[in-house]
Amino acid sequence: MQEIYPLHYRIHLKPDLANFTFTGTAEILLEAPQSVEEITLNLLELAIWRCRILQNDGSVNCAFNVDPAKEELRISLPEPMAGNIKLKIEYQGLINDKMAGFYRSQYSYQDQTKYMAVTQFEESDARRAFPCMDHPARKATFDIEIDIDPDLVAISNGAVKEKKMLANGKMRITFEQTPKMSTYLVFFGIGEFEFTPDEKDDRVRVVTLPGMQKFAHFGADLGRKSLEFSETYYGIAYPLPKMDLIAIPDFAFGAMENWGAVTFRENLLLHYPDVTSKSGEERIFEVIAHEIAHQWFGNLVTPSDWRYLWLNESFATFFGFGVVDHYCPQWDTWQQFLYSMTGPALTRDALHETFAIEIPGGEHVVINASTAPIIYNKGGSILRQIQGFIGEDSFRKGLQHYLKTYAYDCATSQDLWQSLEAVTRQPISDLMKSWIEQPGYPKITVSRQNNRLKLNQQRFTYLPNESTQRWLIPVTVNLFSKTGETSKLSVLMDEAEKAIEIDDDVVAYKVNDRQTGFYRVQYDDADNLAALGRQVQAKAMSPEDRWGLQNDFYAQVKCGEALLDDYLGFLSAYRQENAYLPLVSIADNLFGAYLVMDEDQRGQISSTAGPWFETILHDIGYEPVQSEKHTTSLLRDKFIWAAAFWGSDSTLEFARGRFKALMEGTDIHPDIMKSVLQVGAYTGNARVYDWFVQQMDQSRIEHERLNILTALGCFKDKALTRKAQQYVLDTVPARNKFIPVVAMSANPNAIPLLWDWYVSNLEEIEQFHPMLYERVVAAIIPVAGIARADEVKNFFADYMQKKEKARDVIKLSLERLEINLRMRAAN
Ligand SMILES: [Zn+2]
């Protein structure tokens, strides 16, 4: 990077929502410690009219040239200059439809199609809205001014400072200057926005389109709680006078943490009474808490380069769950963290095609279907591991030290280690480096010789590896004695092998207490495994441990090192299981195996899971109950679909009955809506398909639309799946096109139709938003390729030679296909 530092930007915009363009003026104050002749800024799809140097006595025009490939604007100074340099650039840009940069979002209100315009800049799209030094370390302050039609509202990071009517009939909105911040966090938006402040803390406002205010209060309340938690836990006050939480109809990501102006997909902020399910409520809380954690981790202290992006996302992920757990301990949030974060991270990171949390290279890092599970899920899981190792109190003090030391500045991983070491005196740096700077994770193989446990670590991948990597592993072991007592051992494993002494009367041992460690365990000792099965049956270990035990076992099946039969046999220990975490994981594992295996083994899975899951549903009841646990409700929705799919007659009868009633206009409980719609589609005909489409046309509620889009991927009838595939291309809005496709990739009846659809509509599918295109590819390859492996592999070998597009995701999806093929062959 050049040694020039931006200090301040003054951005003036005149958006034209009728023609989807805007004109802009950017005044940029820069500091050059040494004399420079040229200044390079970033830009993308901006037309530059004029560049000038502003001086006390007027201005001087500068020659400039644009390099579109490098996304650079190079400005030649009239003479070599040092110290403060003030540039003024006049330009024009597009209010595009790409959900990146300054973009438009469409909605309908009172039967009119309308547009709003907002920004989405992470990681490098601020350059689509104004020329800038678009790097997180190039922090500056921003003054923003927008001229709008007087009947619209403008929002930015700062509060409104002034409104002024102009002679041309427009209104000029001037915002308060921002704190020193990175370009990717700048926000501005214009539209018919309405504000709903929280009743107790009017800094927090939910921002909605007309007619949506009634859905805003729930999010405002959670915004206040998240802010309150953060200010207390981090010990640093939120520096802006307002915190807008803005619902945007068209949005590629889930949400974005722009400082003081956080944007969300509608269903992740708005709460629709009688429509939003309990799982939807949890997700709303978690996403709001995640984005508010970013106001400290990311906005206040920023990674000094994108290679340290994990310093943002791992913490936001971790505290997203932590805040929910703080206010709603009865929701078993950390169990859900293991299920939705740690589990997928262990799966993703067991591929050869993976990388370290601290991404080597750095400059070209983007958040996508390949990187997100590492940076968010694995990163968050590693924080849970380190918190478990150093204790909650030290963890918190270390983070306070880090945030206070680097406030309004940038940090690296090393800076974080130093802060944690400053308060713990533990070897944090060595420990964390082994987890953050190298790809993958270990498997610990354990065996017992008399009163000695022998532990051995080796990198775990589904396909064979020759790795000699080592990790510094905080190992914990639960010991179960003859007398029924339990005890715990902790050691730091820093070499390939380690021996631990245990008492003679230990009858079973379980490594990785409560699954705080990010590793897998394999028991080379059949007696111990059988003994652990008995501890599972007796529920003598925690739900987290019961989850980990069978999940690590299933990983061996995926490697081809254990047979599906063995796993099914081990599951007999779980026949009395009633906890959410192990049960949802078992359902996923069986579903995953079902998609891969041949007819015989599919029959075996159905005959095991169908009656078993039906019994569980009988125990918890098909209908939601007011006073039940959240996780019971989440379990029910998942198991209704699973049990119906595996042929449980009573479940089919229940769900079909509810679906019929729904089509006839009777409301059903939101907590079973998703599964009832899935079963409705699965057993449905053309009339059902038409009903879904009609519901899509009528609904203004995103939560409802997402449920319907998932159901559109669940038809058994192939002709209806084909119609749904065409509907995805023709009608489903860009932001949601991947949803029915992902559902089809988990539907054995639709899988045979995916490949031809993808290949014959390739050009159109490639036009999806890059991240959403990747999700489609990642969904299709591993399952659709099983029946036509050579064809799929050859197709992508050729594709990757010609195109860069989605390359990382294609590679990891081909590896997943390979794993599926091996698993099928091994069984
Ligand atoms: Zn985030």
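Which residues lie nearest the centre of the second largest pocket? They are Q106, Y107, D250, P733 and R735. The model shown here is predicted, and this pocket is a good place to start reading it.

The second largest pocket holds about 740 Å³ of space. Its lining is made of 26 residues. Of these, 10 are nonpolar, eight are polar and eight are charged. Three elements each supply at least two lining residues: strand β7 (101-109), strand β8 (112-120) and helix α17 (686-698). Strand β7 gives the most, with five residues.

Strand β7 leads on to another contact. R104 lies over the face of F20, at 3.9 Å from the ring centre. A second contact of this kind involves K558, which lies over the face of Y462. Here the distance from the ring centre is 4.5 Å.

Now look at the metal site. Three residues coordinate the zinc ion: H290 and H294, each through NE2, and E313 through OE. The distances run from 2.0 to 2.1 Å. Along the sequence, the donors follow the spacing H-x3-H-x18-E. H290 sits in helix α2 and E313 in helix α3 (residues 310-327), so this pair ties together parts that are 23 residues apart in sequence. Is H290 buried or exposed? H290 counts as buried because its relative accessibility is 10%, and buried means under 20%. E313 is buried too, with a relative accessible area of 1%.

Next come the aromatic rings. A pair of aromatic rings is described by the distance of the centres and the angle of the planes. The whole structure contains 68 aromatic pairs. One of them joins Y238 and W296. Their centres are 6.1 Å apart, and their planes meet at 50 degrees, which makes the pair tilted. Why does this pair tie together separate parts of the chain? Y238 lies in the loop between α1 (217-234) and β16 (243-248), while W296 lies in the loop between α2 (278-294) and β19 (301-303), so the parts tied together are 58 residues apart in sequence. Both Y238 and W296 are buried.

Another aromatic pair is formed by F659 and W691. This one is edge-to-face, with 5.5 Å from centre to centre and 85 degrees between the planes. F659 belongs to helix α15 (residues 649-663) and W691 to helix α17, so the pair links distant parts of the chain, 32 residues apart. Helix α17 also appeared above, among the elements lining the second largest pocket. F659 counts as buried at 5% relative accessibility. W691 is buried as well, at 11% relative accessible area.

Move on to Y519. This residue is found in the loop between β26 (506-511) and β27 (520-523). Y519 counts as buried, at 1% relative accessibility. Along the chain, Y519 and G440 are 79 residues apart. In space, their C-alpha atoms are separated by 9.5 Å.

Finally, turn to the enclosed spaces. Rolling a probe the size of a water molecule over the atoms shows where empty space is left. How many cavities of 30 Å³ or more does a search of the whole structure find? The search finds four. The second largest cavity has a volume of about 40 Å³. The residues that line this cavity are L44, E45, L94, N96 and R128. They divide into two nonpolar, one polar and two charged.

Note on methods:
Residues are numbered from 1 along each chain as its sequence is written. This is a predicted model: local features need pLDDT of at least 70, side-chain atom pairs count only at pLDDT 80 or more; totals for chains, interfaces and linings use all residues. Side-chain values use heavy atoms; hydrogens and water are left out. On a 1 Å grid over the protein atoms alone, a cavity is a set of points where a 1.4 Å probe fits but cannot get out, and a pocket is an open set with protein on both sides within 12 Å along at least five of seven lines; lining residues have an atom within 4 Å of a point. Grid points are joined across faces, edges and corners, and a volume is the space filled by probe spheres set on the points. Helices (H or I, at least four residues) and strands (E, at least two) are DSSP runs, numbered from the N terminus. Ala, Val, Leu, Ile, Met, Phe, Trp, Tyr, Cys and Pro count as nonpolar, Asp, Glu, Lys and Arg as charged, and the others, Gly among them, as polar. Rings of Phe, Tyr and Trp (its six-membered ring) pair if their centres lie within 6.5 Å; planes under 30 degrees apart count as stacked, over 60 as edge-to-face and the rest as tilted. Buried means under 20% relative accessible area, exposed over 50%, partly exposed in between (1.4 Å probe, protein chains only). A charge sits over a ring if NZ of Lys or CZ of Arg is within 6 Å of the ring centre and within 35 degrees of the ring normal. Donors are N, O and S atoms within 2.8 Å of the metal (3.2 Å for Na, K and Ca); water is not among the atoms, so sites may look incomplete.
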